[in-house]
Structure formats: C-alpha cells, structure tokens
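Me: Could you take a close look at a single part of this model for me, and then connect it with what surrounds it in your account? I am in my first year, so please go step by step.

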Amino acid sequence: MTKGSVPTTRVSPYSYAAGRLRLLDQRLLPHQEAFLDCESAAQTAEAIRSLAVRGAPLIGVAAAYGLCAEARRVVARVPDDLDVALALGAERLVSSRPTAVNLAWAVGRMRAVAEASSGRDAGERILMLEAEAHRIAEEDRLACLTIGRLGAAWLRARWTGLAGTPTVLTHCNAGALATAGIGTALGVVRALAAEGPIAILADETRPFLQGARLTAWELREDGLDVVLLPDVAAASLIARGRVQGVVVGADRIAANGDVANKVGTYGLALAARAHGVPFVVAAPTTTIDLATPDGASIPIEERDGKEVVTLPLPGGGSVALAPEGVGALYPAFDVTPAALVDAIVTELGISEPPHARTLARFVPP
Ligand code: MRU
C-alpha cells in the first residue's frame with residue numbers, strides 16, 4: 001500500500017446478478033476460495049445461520065439481496081405470490097441470527113420498498129428491490145471508508161509523541177469479509193497502514209477462528225502483515241505495553257452506548273482500560289439501535305456447544321477437542337459497557353463518553 005493512498009481491498013465476499021447471490025463461503029477459508037449460490041430467501045437465511053456469510057453489515061447486505069433473489073424466483077413461477085413470499089422470506093432472514101441489528105434494519109428497508117411498490121408491475125417491483133439492495137451495499141461501502149479515515153485520525157492523535165511503531169489489536173473479523181467495503185475495525189487498520197508504519201495483532205477468536213482464518217487471510221490478500229495471538233494472550237500483552245490501541249467492530253450498539261460484539265471483546269475492553277490503552281469501536285450508524293435501551297436488552301446468540309468441542313477439517317469431517325459427551329457453552333457475543341468504550345467511530349462522526357447523547361444525534365428518530 002502506498003503511503004497516503006486511499007485504503008482499498010481486493011477482497012469481495014459477495015456479488016449479485018439476476019436473482020443469484022454469490023457468496024464467498026467463509027467456512028472454507030483460508031483453505032479454499034469457494035462460492036455458494038443463493039437463489040432464494042431460505043437459502044440466504046441458511047447461509048447466514050451457518051456462517052457461510054457473517055459480520056453485521058454484510059449479513060444485512062446479503063439479506064437484502066436474498067430478498068431480491070426470492071422476488072425473482074417467485075415472480076418466475078407465481079407472480080401473485082410475491083407479497084406473501086417476501087413477508088415470509090423477510091421473517092426467515094431476520095430470525096437467522098439475533099444479535100446483529102443490521103440484519104433487521106436492512107430487511108426493514110427492503111420491506112418498505114416492497115410495500116411502497118405494491119400495485120405496480122412485478123418486473124418493476126423487482127428492479128426497485130434490486131436498486132434498494134444496491135443502495136444498502138453502496139452506503140455501507142462508503143461508510144467503511146469514512147470510518148477508516150476518522151478512526152485512524154482519532155488514534156493517531158492519541159499516539160502523538162509515541163516512540164516507535166504503534167501496534168493495534170483487533171478481535172474477530174470486522175473487515176472486508178464482514179462488510180461491503182474495506183471493513184469497520186479493519187477499515188481503521190487499513191487507513192492507519194496507508195498513512196505510515198503500523199503493527200497489526202489479531203486475536204485468533206475461538207471457536208470459529210474469524211481472526212486466524214478470516215482477518216489473517218484478508219489482510220494477507222492486501223499485502224498487510226498480521227501477527228496472530230491466542231485470545232488468552234491479549235490481556236498480558238496489553239499489560240506489558242505491547243498494544244497501543246484496540247479496535248473492534250460491533251453487532252449492536254444500544255442507546256446508552258453499550259456494545260455487543262464477538263465474545264471476548266469485553267475482556268479486551270477491561271484490559272485496555274486497566275492499562276490506559278485506547279479502546280475503539282468502529283461501526284456504521286446502521287449498527288446503532290436506539291430501540292434497545294442498554295446492553296442487558298440485547299439478544300445474545302447462543303450457538304451450539306458442538307461448535308466449541310469439535311474442529312471442522314478442511315476436507316470434511318471434524319476432530320473432537322474434548323472427551324465424548326462433554327458439553328460446552330457458546331454465547332457468540334458479549335456486551336462491553338459504554339463506560340469502557342473510549343470512542344465509537346461511525347460514518348457520521350465519533351462519539352466519546354458519555355455516549356448516549358451523541359448516539360441519539362447520529363440516528364434520526
Ligand atoms: O459471528 P460473526 O463472525 O458474524 O461476528 C462478527 C463480529 O462480531 C464482528 O465484529 C461484527 O459483526 C462487526 S463486522 C463489521
């Protein structure tokens with residue numbers, strides 16, 4: 001990446017054309033770059049549930065295109081069934097994962113277009129739905145660029161006078177594989193890397209290994225060096241002064257500024273605060289949910305404990321990580337209290353504590 005250049009990525013996790021949503025199957029990375037075609041809302045919902053596609057903004061984008069695919073599928077068979085099919089598809093998509101609010105938000109926008117276009121010719125309605133899905137994706141792409149620029153400037157200002165190369169630590173994957181653009185947390189990382197030297201640490205992020213498999217893959221694809229860290233090593237490295245900033249994404253930000261993100265984020269925020277390291281959440285305003293008052297009201301997805309005690313193998317099958325019959329708990333997200341978040345970087349500006357008032361200004365009532 002050339003110094004001072006606008007950060008970019010060559011990674012594209014989705015494409016859509018004529019009723020077919022093509023997803024880069026993230027379950028298979030980094031071993032295989034294979035694609036999964038979704039030609040209905042049900043197939044798209046299953047891709048979201050099974051984590052073939054993941055990341056809060058990207059599941060919103062996928063759901064929007066999933067509804068376009070559904071519309072084309074139904075109109076080719078029984079055009080009169082379009083409204084019922086869209087309503088059922090929307091329900092299925094929204095319930096595929098509960099924590100990321102971007103999913104319900106994107107489906108809500110698609111439903112509004114479906115309602116507003118009711119009574120028009122089916123072909124015209126499909127084009128209107130597709131135009132809205134393209135807008136949702138394009139808005140996210142642009143939001144990532146602004147978030148990257150603002151977040152990098154905020155961190156650089158905190159690093160004034162710092163000797164040596166700063167190190168940023170990120171968790172999970174809030175990058176190009178999780179958005180329609182350069183990513184949110186990784187948008188900030190890419191913008192920092194475009195401005196000057198920076199070291200990047202990524203938590204491996206047990207058990208789905210979004211950090212090891214996805215963040216490492218996409219940064220390498222863009223020629224950026226990344227060093228992986230077992231999740232359990234992060235707090236002690238922060239304590240030893242080896243990290244100058246923690247940057248993560250978010251799945252839902254409540255009205256009071258509490259942040260739900262990949263499980264493990266809360267521990268990083270505690271360690272960062274204990275050792276005076278800036279803790280930054282990077283997210284588009286579509287992740288802010290003013291209807292959810294606080295973190296305790298955010299639904300936390302509980303995934304199957306099997307995903308903790310078995311390791312899928314690249315060629316198929318899996319290996320057991322614990323004795324047969326041992327159970328496991330897998331809350332997929334945790335909540336970081338607003339007071340531990342030094343900055344919430346959105347495309348409309350940066351919120352610093354206390355967050356509640358600023359967040360309300362970012363989201364229209
Ligand atoms: O379970 P995942 O992989 O969908 O979890 C993703 C995260 O927690 C991300 O940090 C979040 O969605 C933000 S993505 C820009």
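**A close look at strand E5**

Reply: As a starting point, in this predicted model, glycine 316 lies in the loop that links strand E12 (310-312) with strand E13 (318-320). Its relative accessibility is 45%, so glycine 316 counts as partly exposed. Leucine 28 is 288 residues away from glycine 316 in sequence, yet their C-alpha atoms are 9.9 Å apart in space.

Now to strand E5, which covers residues 199-203 and has four of its five residues buried, so that E5 is largely enclosed by the rest of the structure. One pairing of E5 is with strand E4 (residues 167-170), in the parallel sense and over four bridges, and here valine 168 has isoleucine 200 in E5 as its bridge partner. Between these two strands the chain passes through helix H6 (residues 185-195), making a β-α-β crossover that is right-handed. E5 also pairs with strand E6 (residues 227-229), again in the parallel sense, over three bridges, and aspartate 203 has leucine 229 in E6 as its bridge partner. From E5 the chain reaches E6 by way of helix H7 (residues 210-221), and this β-α-β crossover is right-handed.

Helices also pack against each other: the axes of helix H2 (residues 56-77) and helix H5 (residues 122-158) are 9 Å apart and form an angle of about 170°, and the two helices are therefore roughly antiparallel. Their contact includes 14 nonpolar, one polar and three charged residues.

Note on methods
Residues numbered from 1 in each chain as written. Predicted model: local features only at pLDDT ≥ 70, side-chain atom pairs only at ≥ 80, totals over all residues. Heavy atoms only, no water. Buried < 20%, exposed > 50% of the residue type's maximum accessible area, 1.4 Å probe, protein only. Axes fitted to C-alpha atoms, helices over the stretch in contact; angles between N-to-C directions. Parallel < 35°, antiparallel > 145°, perpendicular 65-115°, else oblique. Nonpolar A, V, L, I, M, F, W, Y, C, P; charged D, E, K, R; others polar. Pairing = 2+ DSSP bridges. Right-handed = clockwise from strand over helix to strand, strands pointing away.
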